[in-house]
Amino acid sequence: MNNRFYPGKPDAVWEDQGHMLRLPVPEEFSFAENMKYLSRSSNECLLRIGDQRVYKAIPLENGEIPVVEISADGNDALAVRFLGGTAPSRKRDREEVVRYVRDWFDLDTDLRPFYELAKEDALLRGAVESFYGLRNMGIPDLFEAIAWGIIGQQINLAFAYTLKRRLVEQFGRSVDCEGERYLVFPSAGDIAALNVQDLEGVRMTLKKSEYLIGTARLIAAGELTKEGLRAAGGIKEAEKRLVGIRGIGPWTANYVLMRCLRMPDAFPVDDVGLHNAVKHVLGMDRKPARKELLAWAEGWKKWESYATFYLWRVLY
């Protein structure tokens with residue numbers, strides 16, 4: 001057994017056991033609650049859930065695609081087991097898997113201040129009690145996050161999952177492992193090489209196809225990166241940079257900053273699901289006005305992202 005450290009997080013020790021990696025989790029973490037969230041759609045094509053385990057193919061920078069089974073290892077760790085001989089041999093590739101899983105489950109966020117805040121908040125108190133230990137399950141890849149935001153514009157969640165499945169099945173990669181096929185979201189380079197006619201089989205709108213290809217080309221060319229957005233100078237500057245891209249409005253920008261960039265103050269204030277959740281929690285006979293949401297959010301400073309995620313969970 002070898003002890004490793006998560007780069008940039010010297011306190012986050014993880015154990016390399018060869019066929020398996022063991023990642024410690026914070027006390028404010030519930031694997032069961034995160035599994036419930038990941039199971040919310042039977043049409044999710046990028047992972048498989050079974051017997052309180054999640055199975056997923058994780059594409060690496062070197063082109064390898066290890067397949068992992070993630071489960072709870074007691075109450076204090078995740079067990080990440082490599083399946084079917086797909087375990088990376090190089091230390092840096094195994095560290096990349098660790099980074100992906102830690103990012104995906106948002107293990108490096110200290111939720112204690114958020115939970116203290118929520119105890120005194122009428123909108124958040126019940127959600128935190130119901131879903132304690134839930135993490136803002138992320139989308140580590142920038143293109144996947146933006147693509148999911150674009151796909152989901154102005155349609156219901158069920159149809160968005162159908163469009164995503166069509167896109168992934170037609171243009172993503174796959175790996176067969178232990179009798180199962182695992183799909184991988186297409187890379188920005190994969191989509192950048194296409195034209196709108198190539199995407200006709202997905203049956204998105206023409207505009208969404210144009211937005212998807214345009215964004216893919218920016219990312220493939222290195223003109224749009226996570227590092228660049230983080231270096232923009234803050235949430236407003238990063239949002240402005242994203243909104244300057246055709247097809248990305250304030251909602252999509254904040255969704256990406258929330259789910260991919262992990263900016264704690266990202267706040268999709270105009271989100272319909274957020275409005276419906278607030279209406280439900282407060283027993284209102286109408287949806288809240290924007291100015292009402294902004295007033296409530298004054299008490300969520302630097303936790304707007306998590307407040308939104310927990311309120312979404314009330315409905316989804």
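This passage describes the two largest pockets of a predicted model and the helix that contributes most to the second of them. In this predicted model, local features require pLDDT of at least 70 and side-chain atom pairs count only at pLDDT 80 or more, whereas totals for chains, interfaces and linings use all residues. Residues are numbered from 1 along each chain as its sequence is written, and side-chain values use heavy atoms, with hydrogens and water left out.

The largest pocket (an open set of points on a 1 Å grid over the protein atoms alone, where a 1.4 Å probe fits, with protein on both sides within 12 Å along at least five of seven lines) has a volume, taken as the space filled by probe spheres set on points joined across faces, edges and corners, of about 1400 Å³. Its lining, meaning residues with an atom within 4 Å of a point, comprises 50 residues, of which Asp103, Pro140, Asp141, Leu142 and Lys226 lie nearest the centre. Helix 2 (91-104) supplies the largest share, 5 residues, helices being DSSP runs of H or I of at least four residues, numbered from the N terminus.

The second largest pocket has a volume of about 600 Å³, and among its 25 lining residues Gly152, Leu157, Trp251, Asp271 and Trp312 are the closest to its centre. Here the largest share, again 5 residues, comes from helix 11. Helix 11 (250-259) is itself mostly covered, with 8 of its 10 residues buried, that is, under 20% relative accessible area with a 1.4 Å probe and protein chains only. Among the buried residues are Tyr255, Met258 and Arg259.

Terms used:
Buried < 20%, exposed > 50% of the residue type's maximum accessible area, 1.4 Å probe, protein only.
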